[in-house]
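Please take a moment with the sequence and the model shown here before reading on. The paragraphs below lead from the overall form of the chain to some of its individual residues.

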Amino acid sequence: MRGRDEVRSFGGWMIAKMNRGENARKGSWLKCSRSYLFARLVQESFELAWALIVMWWRERRFANKPSADTMTDYHRARIDVINEAADVANFAMMLADKTGAMNSEK
């Protein structure tokens, strides 16, 4: 099935991000309002956009001046993008869960 491997891999990033550090101590999102979760989704979307801009800039810098330092910077920028994308996906999942519809499929 198309996308299955990518969804599984990305799901691992989502779970890791949700359970990392201070995120693990925040408790359930079910206590949060949908408007709060949506506002956080928008905020994380802006953070993802910024991470993509930084990655593009680092990628160009590495292409123009390849070195271990620029490669490391580019790799870190790529990781930042996937972490921010996982944040966006997590807030989207929380909003979907708040509808109650996800529970009916379990």
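What follows starts with the chain as a whole and then turns to particular helices, charged pairs and contacts.

It should be said at the outset that this is a predicted model, and that the values below were computed from it. The protein chain contains three helices and zero strands, and its elements, read from the N terminus on, follow the order α-α-α. Helix α1 covers residues 4-18, helix α2 covers residues 34-64, and helix α3 covers residues 68-98.

How does the extent of the chain relate to that of a compact globule? A compact globule of 106 residues would have a radius of gyration near 13 Å, whereas the protein chain has 16 Å. Measured out along its principal axes, the C-alpha trace spans about 50 × 35 × 20 Å. Of the 106 residues in the protein chain, 26% are buried, and about 7700 Å² of the chain is exposed, with carbon and sulfur atoms supplying 59% of that area. When contacts between residues at least 6 apart in sequence are considered, 73% of them join residues at least 24 apart.

One part of the exposed area deserves a separate look. F38, V42 and F46 make a nonpolar surface patch of about 320 Å². F38, one of these residues, is found in helix α2, and it counts as partly exposed because its relative accessibility is 48%, a value that falls between the 20% limit for buried residues and the 50% limit for exposed ones.

The charged side chains come next. Side chains of opposite charge can pair when their charged atoms come close. A search of the whole structure finds six salt bridges. In one of these bridges, the side chains of K17 and D87 meet with a distance of 3.6 Å from N to O. Since K17 lies in helix α1 and D87 in helix α3, this pair ties together parts that are 70 residues apart in sequence. Both K17 and D87 are buried; D87 is classed in this way because its relative accessible area is 10%. Leaving aside neighbours within four places in sequence, D87 is in contact with K17 and E44.

E44 takes part in a salt bridge of its own, with R40, where the closest N and O atoms are 3.3 Å apart. Here the two partners both lie in helix α2, four residues apart, which is about one turn of the helix. R40 and E44 are both buried.

A further salt bridge joins the side chains of R58 and D73, at 3.5 Å from N to O. This pair links distant parts of the chain, with R58 in helix α2 and D73 in helix α3, 15 residues apart. R58 is partly exposed, because its relative accessible area is 24%. The two residues also belong to a network of salt bridges in which R58, R61, D73 and R76 are linked.

Is E84, a residue of helix α3, buried or exposed, and which side chain of opposite charge is nearest to it? E84 is buried yet has no salt bridge, and the nearest side chain of opposite charge, that of K17, is 5.1 Å away. A salt bridge requires a side-chain nitrogen of Lys or Arg within 4 Å of a carboxyl oxygen of Asp or Glu, so a separation of 5.1 Å does not qualify. Not counting residues up to four places away in sequence, E84 touches E44, E47, L48 and A51.

The next residue to consider is A85, which also has its place in helix α3. A85 counts as buried because its relative accessible area is 19%, and the limit for that class is under 20%. Leaving aside neighbours within four places in sequence, A85 is in contact with F10 and L48. From C-alpha to C-alpha, A85 and E47 are 8.9 Å apart in space, although 38 residues separate them in sequence.

The last stop is M18, which is found in helix α1. M18 and D87 are 69 residues apart in sequence, but their C-alpha atoms are 7.8 Å apart in space. Not counting residues up to four places away in sequence, M18 touches N23, A24, W29, N90, M93 and M94. With the salt bridge between K17 and D87 also in view, the reader can follow on the model how residues of helix α1 and helix α3 are paired across 70 residues of sequence.

Technical notes
Residues numbered from 1 in each chain as written. Predicted model: local features only at pLDDT ≥ 70, side-chain atom pairs only at ≥ 80, totals over all residues. Heavy atoms only, no water. Patch = residues over 30% accessible without salt bridge, like charges linked within 9 Å, V, L, I, M, F, W, Y side chains within 5 Å. Areas by Shrake-Rupley, 256 points an atom, 1.4 Å probe, with all protein chains shown as cover. Helix = DSSP H or I, 4+ residues; strand = E, 2+ residues; numbered from the N terminus. Buried < 20%, exposed > 50% of the residue type's maximum accessible area, 1.4 Å probe, protein only. Lys, Arg positive; Asp, Glu negative; His and termini not counted. Contact = heavy atoms within 4.5 Å. Rg over C-alpha atoms; globule rule 2.2 N^0.38 Å.
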